[in-house]
Amino acid sequence: MEQFWSIFFLIGLLVVMAYAQQHFNEPSFPQRETLPRTVDPLRYLFLRSTYGRARLAYVVGLSALYVLLVAPGPTMIRTLGDVGFKDFPDKAWALLIALVLTGVGAAPASVKWLNVLEEWLRRWVHTWFLVPDGLERTIGVLEDARYDPPSSQLSLIENAATRERLQENLKAPTGTLRYRWARTAVLMVSLRQMGAGATHPLRRAAFEPFEEDFKAILTSYRALRQDISWGLLQQADCEGDIDQTLEELGFRIPKTGGRRLLDIVAPAALLIALITMVFWLTRDAGRWAMGWSTGTDVSDTVILALESAIAAALMYGSAVFIALKGRAAQIEEKAWREGSPRCLIPIAIKAGLVTWGVIIAATVISDQFSQVWQSLPAMVQGLKSFIASTTTDSAVQGWSILPVRIATAFPWVLVGATASAVLASSLRGDVRRIDRSQRVREAIILGIAVGLAAGAAQAIQFALTEKLEGASVSFGVVPLIALAAFACGAVIGFKVPVACRINLMTPLDPIMARALRDLLAHAKVTLGSETAAKDWVFAPNGDLNGITPAEAVEYKAQATGVGRLLEAEAVRRREEARSERPMPVVIEGGRHATGLAGSIAQA
């Protein structure tokens, strides 16, 4: 620990912190069409109140990385290899690590991996504070939001005839050119009045960094909604302030509430824990009844069953939560496509890694905690021996316990990935499918998928254990593991998809319930009947990438376009009805059949 009291460590820490303060403004994402040309400094893409917290998080994270590099002692310099500095004082090795860390852009190939760590940390902080995803979400809301400017905005248009014409055009369907052009004209007049003395919800100072983009917008409507989003970030402290400002401008931003995923996940996770515990207790009770030895007494059996139950609840509960949360995030970003492997793969990877972590923790804590704890100092000693080229077989055996446990648990990634991917893909289709036969069908599908994945994972884990540790294992327990996993998967399939559909039909959140009632009432008026309204609201819609309008209204970026789709659907049905109407048959002299019949009747 004496290295942390060195003056060179303190100087190095100051160097890292100063570097982090400046380097945080470097974008960790490629330039996109929706981003302004001005991204230097990066604070223009943050909410006003979050930029300082985000930069502080990055400074703390990079400083922690520096501390971790210094912790092993002077041997870390030899571990890093040739770092490009010659004749550097030995006592200043901690400062040398700071220079390597802050100069990674020009560092030799031996320490290029620090580039990856630093960029990953910076990208993670940017993403956590919604950069640039928060900006794109606001742009998505503006794309389809209904625009109904208040009188304070309309009064900025001096010509009365022009003002009346624009008001009339704003009543047209949102997809028509008339409506879009009227919205453009009103917004352009409104934006020009920023800072001109008139009361305006937008502040001119917030848009000054984007002056170049604003000039380009004068000739291009396509970027209009983007410029508004950029400026809003500079004058808003939270997303609620953004919504309020947009409403003052005249945009009708839909209200969205919480989706209460835990209300769906928790019952399934608790039932999985109960089933898992009963399963293993029943298995050991059966062995006792048949006179077979289990190697444990009753108290140990209960404790092991409880540990298995907790691990199963955490593992499968996490997989379900990640599947629902990941799907919801992609829907919000308008990136979700029902049944698309490209959408399912990120969800599966994240759920698989979490499952891997749960299995590692369960394996380590269950019966080998003391051995794993002892392996940590052995790992440090083994690393030093490796650097000094004095590695022995006993040292390797001492520190290898934890890495072996981590490696042998890796196959369980397959279980979490399978459960989350199959669950996410099962949520497609009409949300009114809540009958018992549908629940049983989904329970069987998910149970078989999870059972096969768990059986394969356990078999691979046993094979790796036998290979890496040389210990004998009993593959006869694999079918039991698969059977228990089948039961857990069946619980997920029986409860979760139907719970999600019921929550869409009768939302628990009062804001969502009100939004659904309003949508059904609007659809009934627009489509002509309650049956037609429910068929449209609760059925998957291709224009929404396969989700239903009932689900779309729960997401701010999607809800703004549902009304436009409903208007388009009404127009399409009217055109179909008109095309199916029989045309009158002209007989002679321009007189049609019905007119001729009337003449004959009068005669």
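Helices are DSSP runs of H or I with at least four residues, numbered from the N terminus. The model treated in these exercises is predicted.

**Exercise 1.** Where is N545 found, and is N545 buried or exposed, or partly exposed?

Solution.
- Step 1: N545 sits in the loop that joins α24 (530–537) and α25 (549–552).
- Step 2: The relative accessible area of N545 is 22%.
- Step 3: Buried means under 20% and exposed means over 50%, so N545 is partly exposed at 22%.
- Step 4: The phi of N545 is positive, about 60°, although N545 is not a glycine.
- Step 5: Most residues other than glycine have a negative phi.

**Exercise 2.** What is the phi of K334, and in which loop does K334 lie?

Solution.
- Step 1: K334 is not a glycine, yet its phi is positive, about 60°.
- Step 2: The loop holding K334 runs between α15 (298–332) and α16 (341–367).
- Step 3: K334 has 26% relative accessibility and therefore counts as partly exposed.

**Exercise 3.** Which helix has the lowest mean pLDDT, and which the highest?

Solution.
- Step 1: The average pLDDT of the protein chain is 76, and 66% of the residues score at least 70.
- Step 2: Among the elements of the chain, helix α27 (residues 593–602) has the lowest mean, 42, and helix α20 (residues 413–425) the highest, 95.
- Step 3: Residues 590–603 have a pLDDT below 50, and this stretch makes ten contacts in the model beyond near neighbours in sequence.
- Step 4: Where pLDDT is low, the predicted coordinates should not be read in detail.

Conventions. Residues are numbered from 1 along each chain as its sequence is written. This is a predicted model: local features need pLDDT of at least 70, side-chain atom pairs count only at pLDDT 80 or more; totals for chains, interfaces and linings use all residues. Side-chain values use heavy atoms; hydrogens and water are left out. pLDDT is the predictor's confidence in each residue, from 0 to 100. Helices (H or I, at least four residues) and strands (E, at least two) are DSSP runs, numbered from the N terminus. Contact means heavy atoms within 4.5 Å. Buried means under 20% relative accessible area, exposed over 50%, partly exposed in between (1.4 Å probe, protein chains only).
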